[in-house]
Amino acid sequence: MPNPRFAIAILAAGKGTRLKSKLPKVLHQIAGRPLLGHVVRAASAIVAPSDIFCIIGHEAALVRQQISPLGTHFVEQAEQRGTGHALMQCEQALAPYEHVLVLSGDVPLIRPETIAAVRDFHLANSAAMTILTAEPPDPFGYGRILRRKANGVFTDNVEAIVEQKQLTPAQENLAEVNSGIYAFNVAELFSRIGRLSTDNPHGEYYLTQIASILQRERLPVLALRTADAGEVLGANTRRELAVLDSLLRERKARELMDSGVTIFKPETVVIDSDVTVGADTIIEPFVQLLGNTTIGEDCFVRSYSVLTNLRVASGVRINQGTIADDSTIGEAAIIGPYSRIRPASEIGPQAHVGNFVETKKVKLGRGAKANHLTYLGDAEIGERTNIGAGTITCNYDGVNKHRTIIGAEAFIGSDTTLVAPVRIGNGAYVGAGSCITKDVPDDSLGLTRPHQLTREGWAVQKRARLQAEKENK
Ligand code: UD1
Ligand code: MG
């Protein structure tokens, strides 16, 4: 088969009135990515981003800003006068192409395999227009497909697409809906798109009307029905957003399980589309893996942990209730339960960060440990150093942040405050309960604790005195 040039146009200019939102519809996120981001991702598996044209209009600058890193072109539809009007704006941009696949910015679950199937069916049948259709459990709200009958049998030829508000009572039972995904022969489309009318309940140019215009001239307008109606569900309302989000997350969990990840109670985990997880990692119920998080092999992520943009090496154990953002965790480290890893933390291999420990902009060396009740901010901690319970880096003087540098194999006693800027040398000790304001050299002891006073029998005398005072009152 020759290789005719295909473009992909994505309709994304609408406001999304039914969402009742300040944000344009196509920027609403499901599975951690904007709706339009999902569609562009699928389209990019079929054609190069330079052959993709996003039609934008409502809040165009915002949409462009978020989507432009994906490398597509943008065509502006200044006034949103309907899906047909949106495509009219692309006439010049699409002139160099023979065919165009039209996707909807609000139909985000579409898979590249299905887009390819539409393309191949369209070419194989030399269609003027191919419509991807489906039979969802509830067809309400979608345009319905009227197929042509020949000898009493339905054919692949489409007579018309009828929008919900224009259905006759008899047509309301039609189960087959328009997915909003099409392939067109570019020349046939643009030689007739000018004939669209605004004679409909919204007074808009409906792209769907082109089906009857083309078929009346006996040009082939064909329907290709997908078996998986879930894939072409539209996101027009908040309820639909929630449904699509769940479907995408189910799909993601299935993909991960198929690639060797164990997920217990997968219906409870929340994993964004861009997350990767290595084989033999185990994920417990109610875990959230968000943004660009990557997890290595043989890790164990325990319940109620929420990991966002986290890079986790292999063999790491993340215990229950860990909240971690924008940081890296080295091989075989142990985190949590209840650790808070804030941005720019680099937790070294085999390091331990334990209960109620908070880190921020910290480099924790290989095998270093901070196991209990500690705040480490703007600090560098050497290999195998032990940070005692209740240690605090006092990094903020009310105006500026300062750094704490601790060497390798140091020992910081419990309940130490380290008033930055301050340095603790390699192999140094800090006695428990110290408030360290001056550097402690290598292999030295830093101690600010007052000497202990012990008075034997003091408590007996004290109690007797208090009792006597009480009786004399
Ligand atoms: C549309 C179809 C309907 C189909 C459904 C599938 C029409 C008239 N109807 O209805 O047959 O079953 O999709 O999901 O096409 N848009 C623009 N510019 C505009 C208007 C819309 O770019 O002027 C974009 C929107 O941002 C959206 C897409 O086109 O991404 C579809 O618009 P929407 O209003 O959601 O159409 P539906 O009512 O869902
Ligand atoms: Mg829609």
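This passage describes the domain layout, the ligand site and some local backbone features of a predicted model.

In the predicted model, the domain assignment of the protein chain gives two segments, with domain 1 covering residues 6-232 and domain 2 covering residues 260-446. The C-alpha centres of domain 1 and domain 2 are separated by 48 Å.

The space taken by ligand 1 is the largest pocket. Around ligand 1 there is a shell of 25 residues, of which Gln77, Gly82, Thr83, Glu163 and Asn178 are the closest. When the residues of this shell are sorted by class, 13 are polar, seven are nonpolar and five are charged. With regard to secondary structure, helix H3 (83-88) and strand S10 (177-185) each supply at least two residues of the shell around ligand 1, and S10 gives the most, with a contribution of three residues.

Several polar contacts to oxygen atoms of ligand 1 can be listed individually, and they involve both backbone and side-chain atoms of the protein. A backbone N or O atom of Gly82, a residue that is also among the closest to the ligand, is placed 2.8 Å from an oxygen atom of ligand 1. For Asp106, a polar side-chain atom is found 2.9 Å from an oxygen atom of ligand 1, while for Asn236 the corresponding distance from a polar side-chain atom to an oxygen atom of ligand 1 is 3.1 Å. Taken alone, ligand 1 exposes 750 Å², and 90% of that area is buried by the protein.

Attention then turns to the backbone, where two cis peptide bonds that precede proline are considered together with one residue of positive phi. The peptide bond from Gly336 to Pro337 is cis, with omega near 5 degrees, and Pro337 is located in the loop that connects strand S24 (334-335) and strand S25 (340-341). The peptide bond from Ala420 to Pro421 is likewise cis, with omega near 5 degrees, and Pro421 belongs to the loop between strand S33 (417-419) and strand S34 (422-424). Asn309, although it is not a glycine, adopts a positive phi of about 45 degrees, and the position of Asn309 is in the loop between strand S19 (306-308) and strand S20 (311-312).

Key. Residues numbered from 1 in each chain as written. Chains lettered and ligands numbered in written order. Predicted model: local features only at pLDDT ≥ 70, side-chain atom pairs only at ≥ 80, totals over all residues. Heavy atoms only, no water. Near = heavy atom within 4 Å. Polar contact = N/O pair within 3.5 Å; in protein donor to acceptor, adjacent residues only side chain to side chain. Areas by Shrake-Rupley, 256 points an atom, 1.4 Å probe, with all protein chains shown as cover. 1 Å grid on protein atoms, 1.4 Å probe; cavity = no way out; pocket = protein on both sides within 12 Å on 5 of 7 lines; lining within 4 Å. Sits in = over half its atoms within 2 Å of the grid points. Helix = DSSP H or I, 4+ residues; strand = E, 2+ residues; numbered from the N terminus. Nonpolar A, V, L, I, M, F, W, Y, C, P; charged D, E, K, R; others polar. Domains from an automatic or database assignment.
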